[in-house]
Amino acid sequence: MSVRFLGQLEELARGLGIEVRYEILKREGAFTQGGLCRLKGQYLLLINSKAANREKIEALGLAVNRFDLSQVFMKPGLRDFLARLPKEESPPLEPITHPLPQEEPVPSAS
């Protein structure tokens, strides 16, 4: 699995309103690749920056697979990959349709 495939999944996640962050994640006695959560009304996917690309791709795939992707355009290879991943038993999540807030630029001290 390639870095380009990882980029396609990141773009898909952003289109669904998911903020993707790569952080060093530690859990006592075990390694975790990350997971999806909802924070202050926004979806946030934390991915372990130390994970292998294969694990990052899996974490992204599992997160976006929780949404109804039937009406979302994506390349056939990406759709095939997502179809092979396990599905959540719970109802699909709704994408967040409003744009993510942008950070305000800090005024210069001139």
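A search of the whole structure finds two aromatic pairs. The rings considered are those of Phe, Tyr and Trp, the last by its six-membered ring, and they pair if their centres lie within 6.5 Å; planes under 30 degrees apart count as stacked, over 60 as edge-to-face, and the rest as tilted.

One pair is formed by Phe5 and Phe81, which are edge-to-face, with 5.2 Å centre to centre and 85° between the planes. Phe5 belongs to helix α1 and Phe81 to helix α3, so this pair ties together parts that are 76 residues apart in sequence. Both Phe5 and Phe81 are buried, where buried means under 20% relative accessible area, exposed over 50%, and partly exposed in between, computed with a 1.4 Å probe on protein chains only.

Tyr43 and Phe67 also form an edge-to-face pair, with 5.2 Å centre to centre and 85° between the planes. Since Tyr43 lies in strand β3, residues 42–48, and Phe67 in the loop between α2 and α3, the pair ties together parts that are 24 residues apart in sequence. Tyr43 is buried, at a relative accessible area of 4%, and Phe67 is buried as well, at 3%. Over the face of Tyr43 lies Arg38, at 4.8 Å from the ring centre; the criterion for a charge over a ring is NZ of Lys or CZ of Arg within 6 Å of the ring centre and within 35 degrees of the ring normal.

A word on the basis of these values. The model is predicted: local features need pLDDT of at least 70, side-chain atom pairs count only at pLDDT 80 or more, and totals for chains, interfaces and linings use all residues. Residues are numbered from 1 along each chain as its sequence is written, and side-chain values use heavy atoms, with hydrogens and water left out.

I now return to the helix that carries Phe5. Helix α1 comprises 13 residues, 3–15, and reaches 18 Å from its first C-alpha to its last, close to the 18 Å expected at 1.5 Å a residue; that expected span is 1.5 Å times one less than the number of residues. Helices (H or I, at least four residues) and strands (E, at least two) are DSSP runs, numbered from the N terminus.

Which residues of α1 are buried? They are Phe5, Leu6, Gln8, Leu9, Glu10, Leu12 and Ala13. These residues pack against β1 (18–23), α2 (53–64) and α3 (76–84), with contact meaning heavy atoms within 4.5 Å. After α1 comes Gly17, whose phi is positive, near 85°.

Finally, Glu58 is placed in helix α2. Glu58 is partly exposed, with a relative accessible area of 32%. Glu58 and Leu9 stand 49 residues apart in sequence and 9.7 Å apart in space, C-alpha to C-alpha.
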